[in-house]
Amino acid sequence: RTTILAVTFNGGVIIGSDSRASIGGSYVSSKTINKLIQVHDRIFCCIAGSLADAQAVTKAAKFQISFHSIQMESPPLVKAAASVLKELCYNNKEELQAGFITAGWDRKKGPQVYTVALGGMLLSQPFTIGGSGSTYIYGYADAKYKPDMSKEECLQFAKNALALAMGRDNVSGGVAHLVVITEEGVEHVVIPGDKLPKFHDE
């Protein structure tokens with residue numbers, strides 16, 4: 001249970017999450033998990049659901065994506081990485097309780113966001129939110145998202161969305177982890193809970 005998101009902007013994509021992991025829906029087992037996993041140079045995935053399942057899937061995905069990249073003698077496409085995760089989720093759908101957001105940048109299509117839903121359905125979207133905290137911020141995200149945002153606008157959108165979800169959802173919280181992915185490379189941003197945007201109810 002968590003809050004995860006990914007948003008495209010003009011020239012790149014931001015992927016982010018809170019840092020709490022829970023067991024059984026309400027017991028917070030860790031406040032310091034980084035749920036953003038780098039599966040290749042400019043491709044990250046973000047995990048929701050069972051952390052153990054997600055870690056096992058991403059470990060297998062990293063191996064397959066690296067192998068694919070060596071075979072192709074070029075960096076993998078974001079969609080190829082998302083497809084690897086989709087196949088792993090679909091082939092093991094009876095045992096797995098994990099959903100993923102895959103985001104990254106490649107030379108063919110630039111910044112992209114893909115959602116791999118529970119069971120293995122693959123969706124391409126300009127932005128997506130997921131996890132238990134996402135139910136509190138659909139209205140905010142739909143109202144405030146706009147295409148071709150600047151990097152600064154997109155960072156503010158992501159920070160506000162995570163702060164709103166973490167403020168309402170008892171099993172989302174801790175710090176906010178964000179990764180900005182562009183052609184130039186990857187930038188990690190960590191925002192402590194007390195530095196997140198504040199809203200009227202706090």
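Helices and strands are here DSSP runs, numbered from the N terminus, with at least four residues for a helix and at least two for a strand. In this predicted model, the protein chain has four helices and twelve strands. The radius of gyration is 16 Å, close to the 17 Å that the globule rule gives for 202 residues, so the chain is as compact as a globular protein of that length. Along the principal axes, the C-alpha atoms fill a box of roughly 55 × 40 × 25 Å.

A look at packing and surface fills in the picture. Of the 202 residues, 50% count as buried. Among contacts with a separation of 6 or more, 63% come from residues 24 or more positions apart. The protein chain exposes about 9900 Å², and carbon and sulfur atoms supply 52% of that area. As for charge, the chain carries 20 positive and 19 negative charges, whose mean positions are 2 Å apart.

Aspartate 169 offers a handy local view. This residue is found in the loop between helix H4 (151-168) and strand S11 (176-182). Because buried means under 20% relative accessible area, aspartate 169, at 4% relative accessibility, counts as buried. Leaving aside residues up to four places away in sequence, aspartate 169 touches Thr2, Thr3, Ser132, Gly133 and Tyr136. Threonine 135 lies 34 residues from aspartate 169 along the chain, and the C-alpha atoms of the two are separated by 9.0 Å.

Key: Residues numbered from 1 in each chain as written. Predicted model: local features only at pLDDT ≥ 70, side-chain atom pairs only at ≥ 80, totals over all residues. Heavy atoms only, no water. Rg over C-alpha atoms; globule rule 2.2 N^0.38 Å. Buried < 20%, exposed > 50% of the residue type's maximum accessible area, 1.4 Å probe, protein only. Contact = heavy atoms within 4.5 Å. Areas by Shrake-Rupley, 256 points an atom, 1.4 Å probe, with all protein chains shown as cover. Lys, Arg positive; Asp, Glu negative; His and termini not counted. Charge placed at Lys NZ, Arg CZ, Asp CG, Glu CD.
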